[in-house]
Amino acid sequence: DAATGALLSVQAGSPLLSVERVSHTFGDKPVELRRGLYVTTRHYYQNELN
């Protein structure tokens, strides 16, 4: 949208990488939710899960 585009200095409708992460306690209780939008025109994203 226009507000997100303005914050990230891109045009509205530009492709962005959306990343969501939930952190859990040792008892498997969710304690944190993070959401981020990233401009990837000059970067690569790699994620390895084990």
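Glutamate 32 and arginine 34 form a salt bridge, with their closest N and O atoms 2.8 Å apart. The model is predicted. Glutamate 32 has a second partner: its side chain also meets that of arginine 21 in a salt bridge, at 3.6 Å from N to O. This second pair links distant parts of the chain, with arginine 21 in strand E1 and glutamate 32 in strand E2, eleven residues apart. Arg21, Glu32 and Arg34 are thus joined in a network of salt bridges.

How accessible are the members of this network? Arginine 21 is partly exposed, at 42% relative accessibility. Glutamate 32 is partly exposed as well, at 30%. Arginine 34, at 45%, also counts as partly exposed.

**Salt bridges**

The whole structure holds three salt bridges. The remaining pair is arginine 35 with glutamate 20, whose side chains meet at 3.6 Å, N to O. Arginine 35 lies in strand E2 and glutamate 20 in strand E1, so this contact ties together parts that are 15 residues apart in sequence. Arginine 35 and glutamate 20 are both exposed. In general, side chains of opposite charge can pair when their charged atoms come close.

| Basic residue | Acidic residue | N to O distance |
|---|---|---|
| Arginine 34 | Glutamate 32 | 2.8 Å |
| Arginine 21 | Glutamate 32 | 3.6 Å |
| Arginine 35 | Glutamate 20 | 3.6 Å |

**The strand pair**

Strand E1 covers residues 17-24 and strand E2 residues 30-38. They pair in the antiparallel sense, over eight bridges. Which residue of E2 is the bridge partner of serine 23? It is glutamate 32. Glutamate 32 therefore has a backbone role as bridge partner of serine 23, alongside its salt bridge to arginine 21. Serine 23 itself is found in strand E1.

Is serine 23 buried or exposed? Serine 23 is buried because its relative accessible area, 19%, falls under the 20% cut-off. Leaving out residues up to four places away in sequence, serine 23 touches Lys29, Pro30, Val31 and Glu32. Glu32 is thus listed among the contacts of serine 23, and glutamate 32 is also its bridge partner.

**The hairpin and its loop**

E1 and E2 form a hairpin with five residues between the strands. Aspartate 28 is found in the loop between E1 and E2. What is the phi of aspartate 28? It is near 65 degrees, a positive value in a residue other than glycine. Most residues other than glycine have a negative phi. Aspartate 28 is exposed, with a relative accessible area of 56%.

**A second positive phi**

Serine 9 also takes a positive phi, near 60 degrees, and is likewise a residue other than glycine. Where is serine 9? Its place is in the loop between helix H1 (2-8) and E1. Serine 9 is exposed because its relative accessible area of 66% is over the 50% cut-off.

**Confidence**

The protein averages a pLDDT of 91. Of the residues, 100% score at least 70. Confidence is lowest in H1, at a mean of 93, and highest in E2, at 95. E2 is the strand that holds arginine 35 and glutamate 32.

Methods:
Residues are numbered from 1 along each chain as its sequence is written. This is a predicted model: local features need pLDDT of at least 70, side-chain atom pairs count only at pLDDT 80 or more; totals for chains, interfaces and linings use all residues. Side-chain values use heavy atoms; hydrogens and water are left out. Two strands pair if DSSP finds at least two bridges between them. Helices (H or I, at least four residues) and strands (E, at least two) are DSSP runs, numbered from the N terminus. Buried means under 20% relative accessible area, exposed over 50%, partly exposed in between (1.4 Å probe, protein chains only). Contact means heavy atoms within 4.5 Å. pLDDT is the predictor's confidence in each residue, from 0 to 100. A salt bridge is a side-chain nitrogen of Lys or Arg within 4 Å of a carboxyl oxygen of Asp or Glu.
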